[in-house]
Amino acid sequence: MSLSPRDPLVLARVVGDVVDPFMRLISLRVNYGQRQVTNGLDLRTSQVLNKPTVEIGGDDLRNFYTLVMVDPDVPSPSNPHLREYLHWLVTDIPATTGTAFGNELVHYENPCPTSGIHRVALVLFWQLGRQTVYAPEWRQRFNTREFAENYNLGLPVAAVFFNCQRENGCGGRRT
Amino acid sequence: MTQVTMEEVWKDINLASLHPHRQLNIDHEPVLSNQTPNKSIFQDFLNKPLNQEPPPSSSSTHHGSLLAPPATVISLNTHFIDTHFDESAMFGCFGKKRGQDSDDSRGDRRHNRMTKNRESAARSRARKQERAYINELELEIVHLKKENARLKRQEEQLKMAEATQHQTKKILQRSWTSPF
């Protein structure tokens, strides 16, 4: 089903800033501990220290998926000149399984925003084949759209995001 | 209250820089040059909030517009306010230099602060909207689940009723040929 204009992904401009409008085709469940990540969930840095468990849907184990976790609001949402920061990249995830069964090309780095409330998005892409996706050189200035284009990933098949801020409040404004 | 004084003060300063001989409507001694008005007013202004409780949001915003870098934050965190004032004190020393900066850059800074604040407000509203949408969906889920359960029970009951009816029909009975 295509995204409604009131879908949280659209409202938060994740569709727009990170990805283009897409249709949800595969289920994506992300859990930090006991907490399931629903769009717009507010998390603090202490709650995202360790990588989440990610389970994906689909039905054919021969389909492989790539999961990208990015923060488009670096270093601060009011001045995101380092957009985006790549926190995690897992490829070759077979359908119906999870990131534990994939290839962690870029290991999980916990989001640790110092300034403002950052959106952190997890985007799932379908791969044309196994081992067709490679890690970028840097985490900074990552561009999800470009990445998808380079590896023929097409439009996302699923996405979810949460809001992350410093432990003791959003850290105020810095120019 | 502070807000009004502030605006007046800045208006007066703008005019003072153009007409050095003009009398200012404030409690300070009449100022003659461009440089001193900024300094004395800054320091007076800086001294003021130190005596008060954490300043209300309106005064913070104005404070921020004067001292563009480092920026202000509407925060009741006293620790933060202390650091802020340290930096403002530093800024006060450079008041002379800044004072010579054009007066419109001050307006610009204020304008920038305003736009940034607006953007931040817009982001907050967006976050609020997302939550509202999800809440709506969750409520609907609960509602639909209840209805689903109800309808299923209804279906069960109807089936049962039909089944029992069916059973009774298998027993042949005389219905009107005899009273017994």
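**Exercise 1.** Which side chain meets that of B:Arg131 in a salt bridge? Place both residues in the structure and classify their exposure.

*Solution.* The model is a predicted one.
Step 1. The partner is A:Asp42, with N and O 2.7 Å apart.
Step 2. B:Arg131 belongs to helix H6 of chain B and A:Asp42 to strand S3 (residues 41-44) of chain A, and the pair crosses between the chains.
Step 3. Partly exposed covers the range between 20% and 50% relative accessible area. B:Arg131, at 40%, falls in this class, and A:Asp42, at 36%, is likewise partly exposed.

**Exercise 2.** Locate the salt bridge between A:Arg6 and B:Glu136 and give the exposure of each residue.

*Solution.*
Step 1. The N to O distance between these side chains is 3.2 Å.
Step 2. A:Arg6 sits in the segment before helix H1 (8-11) of chain A, while B:Glu136 is part of helix H6 (residues 103-170) of chain B; this pair crosses between chains.
Step 3. The relative accessible area of A:Arg6 is 42%, which makes the residue partly exposed. B:Glu136 is partly exposed too, at 44%.

**Exercise 3.** Work out which parts of chain A are tied together by the salt bridge of A:Arg139 and A:Glu109.

*Solution.*
Step 1. The closest N and O atoms of the two residues are 3.3 Å apart.
Step 2. A:Arg139 lies in the loop between strand S8 (118-126) and helix H3 (144-150), and A:Glu109 in the loop between strand S7 (103-106) and S8, so the bridge ties together parts of chain A that are 30 residues apart in sequence.
Step 3. Buried requires under 20% relative accessible area. A:Arg139, at 15%, is therefore buried, whereas A:Glu109, at 26%, is partly exposed.

**Exercise 4.** Name the residues of the salt-bridge network in chain A, and give the count of salt bridges over all chains.

*Solution.*
Step 1. The network links A:Asp17, A:Asp73, A:Arg83 and A:Arg119.
Step 2. Over all chains, 13 salt bridges are counted.

**Exercise 5.** Describe the second largest pocket by volume, lining and contributing elements.

*Solution.*
Step 1. The volume is about 550 Å³.
Step 2. The lining has 20 residues, of which A:Arg24, A:Thr38, A:Asn39, B:Ile134 and B:Leu137 are the closest to the pocket centre.
Step 3. Strand S9 (158-165) of chain A and H6 of chain B each supply at least two lining residues. H6 of chain B gives the most, with five.
Step 4. By class, the lining of this pocket divides into 13 nonpolar, four polar and three charged residues.

How values were computed. Residues are numbered from 1 along each chain as its sequence is written. Chains are lettered from A and ligands numbered from 1 in the order in which they are written. This is a predicted model: local features need pLDDT of at least 70, side-chain atom pairs count only at pLDDT 80 or more; totals for chains, interfaces and linings use all residues. Side-chain values use heavy atoms; hydrogens and water are left out. A salt bridge is a side-chain nitrogen of Lys or Arg within 4 Å of a carboxyl oxygen of Asp or Glu. Helices (H or I, at least four residues) and strands (E, at least two) are DSSP runs, numbered from the N terminus. Buried means under 20% relative accessible area, exposed over 50%, partly exposed in between (1.4 Å probe, protein chains only). On a 1 Å grid over the protein atoms alone, a cavity is a set of points where a 1.4 Å probe fits but cannot get out, and a pocket is an open set with protein on both sides within 12 Å along at least five of seven lines; lining residues have an atom within 4 Å of a point. Grid points are joined across faces, edges and corners, and a volume is the space filled by probe spheres set on the points. Ala, Val, Leu, Ile, Met, Phe, Trp, Tyr, Cys and Pro count as nonpolar, Asp, Glu, Lys and Arg as charged, and the others, Gly among them, as polar.
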